[in-house]
Amino acid sequence: MLEFMDYVQHAFYDTSHWNFENSYSQLTATARALLDFETPAGLRLNLSSLSSPNFATSYAIGSVGLVDGSLSYLYTSLPLHTTSRSSDIDLHNVIRGYRQIQELRKPEESWMWEQWQGGRRVDKRDTLLYGRLYLPQSTLEALYLRRMSPTQQVKLSAVSDSRLRNGGTILALHQYDVGKYSAETLYSTDGGLIGLRGLYNFGPDPRKDVTEAPRTEDKFYGRFSAGAEIYYGSLNKSGGVSFGGRFATLPAHKGVPLTATLTLNPLMGNLSTTYAVTAGKNLALCSKFDFNVYSYESDVMLGCELWRIKARVPKKKERSMAAKLEWRLDPEEKSDVPEPEIVAGVLKARIDQNWKIGLLWEGRVKELLFTLGSSVDMKRRDQPFRAIGLELQYSS
Amino acid sequence: MAFNFNWSPLTADADFYKRAQEMLTTALNKSPKPPIIVDDILVNELNLGSVPPELEILEIGDLAEDRFRGIFKMCYSGDAFLTLKTRVQANPLNTYLFSKPSFTSPQPLAAQSGLTIPLQITLSEIKLSAFIILVFSRQKGLTLVFRNDPLESLKVSSTFDSIPFVRDYLQREIEKQLRTLMMDELPAIIHRLSLRLWCPDYAAKEDQEMEIKKPEDDQVAVDPFGSPPQDAVDARGNVLDASEISSMSLDGGSEIHSLFSQKNLLRLAALTDSHRTLSLFTPSIRDAVFRAWAGPSERSDSAGSSTPATPGLIRSHSSVGSTSTTYTFSRSDDGHGHIPSRPSLVNMHSATTGLGLGAGRHSRSHMRKKKTRVVNLRKNKTTDDLVSESGDSETSSMAPASEPAFPTPVVEEPEDNIITPPHSPSQRVRFRTSSIDLGESPRKLRLSTADRPSINLSSSTLPEQVIDPVPAEEKSVPIREQRPAYSNFASYPQEKHSAPLSYGPAPVLSDTSSAAGSIIEQAWVMKMASEIARRAQDEKSNNQSFWSREEREDSPPPAYAPKAT
């Protein structure tokens with residue numbers, strides 16, 4: 001489940017029309033959500049509030065070993081009008097599951113942001129500032145996010161911790177996204193790591209006007225994306241490269257939604273394929289297969305996600321007194337808008353070849369969002385439960 | 001003063017390397033490993049090389065044959081090497097991300113995917129320079145502590161030498177790991193190894209080997225109970241200085257007991273029980289005589305069987321003798337309360353019950369060994385007289401405990417005399433009676449046996465018992481001590497009959513007996529026999545005055561007379 005501050009950050013992306021998913025680093029978001037979810041350990045409480053559209057606070061206290069906690073504050077220059085009450089938040093927004101990619105949007109033109117007043121531009125760039133202090137470790141996290149232009153964004157994240165070398169690290173990330181393709185450059189002060197990432201979407205260019213209607217009658221109506229990343233540590237002379245491709249069906253697809261990815265690391269000889277499919281309205285399945293051509297090591301992982309929808313109790317229809325008096329039935333009430341589903345909870349489970357099982361049950365109890373998770377190692381018969389945890393969130 | 005460090009014998013022992021490798025492997029895998037190492041670290045090859053470290057003595061706190069405490073300055077730049085096998089993460093990006101906070105992680109998609117590679121690392125050109133605190137005690141083994149970080153430099157060569165990043169990383173990580181190993185784990189490893197080498201109690205498996213070695217090497221004859229107060233290290237492993245040790249040896253009591261191994265105490269307890277209930281099962285106690293041999297000092301400490309009047313007593317102080325003494329004593333008091341209060345003594349007793357005579361002699365010969373050791377190490381006295389004197393002073397300083405001091409020598413003395421070949425038959429009788437006392441608790445029985453010595457047990461069992469007890473002893477007692485027993489038997493054929501006769505537990509012990517006797521042993525027997533004869537002569541001459549003065553030589557002591565006859 002997304003933490004509140006991440007939820008607010010995503011709200012910032014949405015409000016500022018930034019396509020968070022159109023990035024090479026999000027190529028395997030579906031598989032990660034279904035297979036690599038984190039199971040909580042210990043008890044953790046989050047108290048959060050979006051006290052004003054521009055300001056959010058969050059307090060967390062946890063008991064992993066000893067009591068620890070964190071304070072976090074967030075400021076955004078862009079007013080966010082998103083639901084922040086934990087009783088109202090749509091669970092689909094905070095629970096990461098099967099990621100249905102959307103049709104590419106046409107990026108806004110830069111002139112659309114211009115605001116003129118008295119012959120002078122008065123528009124400002126949207127900015128997000130976020131800070132988090134962990135106690136008692138005295139670790140400080142800071143984030144600076146700025147929308148440079150409708151197609152560009154800069155993200156500076158920093159961690160200050162006395163235990164880290166040089167007392168902390170800073171990561172600078174510049175993202176450029178025009179829809180058809182996106183590129184990212186990054187620099188990390190730790191080891192002088194320089195990185196380049198790029199993603200190219202095959203298919204129609206969203207910047208051009210759509211001339212033909214989508215061919216939804218195809219067997220698979222989706223989008224193929226390919227990308228690559230390269231890293232080089234300038235200080236320690238190390239590096240890494242990977243290539244990846246993804247095919248995912250778009251919402252207009254009439255069949256079963258599916259996502260398939262293939263990533264390749266030519267340096268290390270690693271090959272990874274994932275395949276995710278929504279087998280039903282509330283069920284998503286995912287599998288991942290890793291293989292290393294150099295060491296012949298392989299890895300298999302299976303996962304599933306099951307949304308449990310509360311059974312809607314049909315309203316008991318009683319004939320109104322007027323209808324009774326008139327000896328007729330009530331007129332049929334037809335509402336075009338279906339009633340919103342009430343999600344009782346989401347069950348996520350994964351298992352790998354080593355019989356390590358991860359279980360996660362997320363949902364809402366009254367005003368609280370909860371995450372109950374456990375990791376089980378079936379190979380250790382004596383104590384199979386490696387960790388068990390409960391996370392509670394309340395926000396207003 | 002000179003020290004002789006044997007560096008090459010370590011390498012000669014094939015088992016040593018095997019054990020050291022096992023211990024190193026467990027030690028290396030104990031601490032959390034760096035992220036680049038994804039598998040257990042296995043010690044593949046270990047060689048200490050031929051160049052010994054240079055040691056400079058800075059300070060010696062305590063020095064004796066069986067204990068040592070000192071501070072050294074050590075410099076080592078030898079040709080030792082160590083080969084490790086493990087699997088490492090070959091992707092530098094993977095290890096790079098491992099230790100970084102996720103908040104500033106670049107979050108690569110697949111560039112960090114791992115590739116594990118088997119790796120062989122050779123550590124060589126190890127240069128050490130450190131101040132070492134070395135504490136050695138036979139009972140507690142060797143304790144070695146580094147006062148500072150000993151690792152000066154080290155060459156790490158691996159399959160990744162061509163990649164500078166990996167090489168540097170390995171070098172750094174291994175140095176770090178090795179430092180913790182040196183400071184924390186190595187002392188523990190050395191301690192365990194030394195315990196195996198010197199402490200028979202620790203390595204029960206190697207006891208047989210040790211028994212073979214013992215005849216040749218007196219120094220190896222080690223017993224955890226041998227001389228508890230002389231420990232340089234107490235039960236918690238803390239180093240005791242000389243004053244503490246001496247105070248400990250003086251007050252005796254609990255601290256000494258805490259030095260006993262629990263295993264042996266349990267066995268002794270079992271023995272006590274079997275003794276009290278006249279159970280036929282008597283657990284064999286290894287090195288039982290050793291334990292008893294430690295007895296004298298201990299006994300004089302705790303029980304205070306003070307023998308100021310008889311210097312020869314302490315000399316002859318065979319553990320069995322002394323224990324049997326106390327036992328008889330309690331008998332004569334007719335109080336069984338003593339038995340539980342001093343289980344160790346009684347136990348000792350029953351351990352050797354199988355053959356009172358043999359046991360007595362073993363312990364005697366044993367005793368002599370101890371004496372010489374004591375003389376050499378502590379008092380710098382070489383003659384028996386001096387020894388006895390020193391013993392005297394020791395015992396006189398003790399406060400007499402639960403038992404009256406006088407009767408003890410009474411029993412002790414006959415034993416002494418019996419052992420010496422030229423003694424008269426009457427003394428033999430006395431000894432026999434004492435052993436009778438030990439073996440059986442009801443006095444009536446004893447009397448009856450005294451009346452009809454040959455009828456006591458079935459006569460058919462007699463010969464067996466006569467023969468068997470000695471091997472039984474052999475099993476439980478280091479060979480060296482058994483030899484005198486043989487010789488003594490030969491010289492006292494009559495006793496053989498009487499001693500087994502009176503004993504209940506004897507058959508049991510004989511059951512556990514094993515055949516023994518090689519040529520070496522025979523030679524040893526001869527040697528020991530002659531030596532014993534010589535010593536006995538000396539003792540006799542020394543004792544003569546005392547015994548004659550007290551008129552115990554010819555007439556049995558009053559406490560004895562009723563039992564014997």
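Trainee: What makes residue pairs across the interface of chain A and chain B count as being in polar contact, and how many are there?

Mentor: In this predicted model, the rule finds 15 residue pairs in polar contact across the interface of chain A and chain B, both residues at pLDDT 80 or more. Each such pair rests on N or O atoms within 3.5 Å, of which one must be able to donate a hydrogen and the other to accept it.

Trainee: Which elements of chain A supply the side that touches chain B?

Mentor: The elements giving two or more residues include strand 7, strand 8 (152–160), strand 12 (222–233) and strand 13 (238–249) of chain A. The largest share, five residues, comes from strand 13 of chain A. By character, the residues on this side of chain A divide into 15 nonpolar, 15 polar and five charged.

Trainee: Why is the meeting of Arg87(B) and Glu297(A) called a salt bridge?

Mentor: The N to O distance between the two side chains is 2.9 Å, and the cut-off is 4 Å between a side-chain nitrogen of Lys or Arg and a carboxyl oxygen of Asp or Glu, so the pair qualifies. The count between chain A and chain B is two salt bridges.

Trainee: What makes the pair of Phe220(A) and Phe247(A) edge-to-face?

Mentor: The ring centres of Phe220(A) and Phe247(A) are 6.3 Å apart, with 85° between the planes; pairing requires centres within 6.5 Å and edge-to-face requires planes over 60 degrees apart, so both conditions are met. The pair links distant parts of the chain, with Phe220(A) in the loop between strand 11 and strand 12 of chain A and Phe247(A) in strand 13, 27 residues apart.

Trainee: Why are Phe220(A) and Phe247(A) described as partly exposed?

Mentor: Phe220(A) has a relative accessibility of 42% and Phe247(A) a relative accessible area of 24%. Buried means under 20% and exposed over 50%, so both values fall in between.

Trainee: How do you know which class Ser138(A) belongs to, buried, partly exposed or exposed?

Mentor: The relative accessibility of Ser138(A) is 47%, which is neither under 20% nor over 50%, so Ser138(A) counts as partly exposed. Ser138(A) is placed in the loop between strand 6 (127–135) and strand 7 (139–149) of chain A. Not counting residues up to four places away in sequence, Ser138(A) touches Leu133(A) and Ser160(A). The C-alpha atoms of Ser138(A) and Ser162(A) are separated by 8.2 Å, although these residues are 24 residues apart along the chain.

Methods. Residues are numbered from 1 along each chain as its sequence is written. Chains are lettered from A and ligands numbered from 1 in the order in which they are written. This is a predicted model: local features need pLDDT of at least 70, side-chain atom pairs count only at pLDDT 80 or more; totals for chains, interfaces and linings use all residues. Side-chain values use heavy atoms; hydrogens and water are left out. Helices (H or I, at least four residues) and strands (E, at least two) are DSSP runs, numbered from the N terminus. Buried means under 20% relative accessible area, exposed over 50%, partly exposed in between (1.4 Å probe, protein chains only). Contact means heavy atoms within 4.5 Å. A polar contact is a pair of N or O atoms within 3.5 Å; within protein, one must be able to donate a hydrogen and the other to accept it, and residues adjacent in sequence count only if both atoms are side-chain atoms. Ala, Val, Leu, Ile, Met, Phe, Trp, Tyr, Cys and Pro count as nonpolar, Asp, Glu, Lys and Arg as charged, and the others, Gly among them, as polar. Rings of Phe, Tyr and Trp (its six-membered ring) pair if their centres lie within 6.5 Å; planes under 30 degrees apart count as stacked, over 60 as edge-to-face and the rest as tilted.
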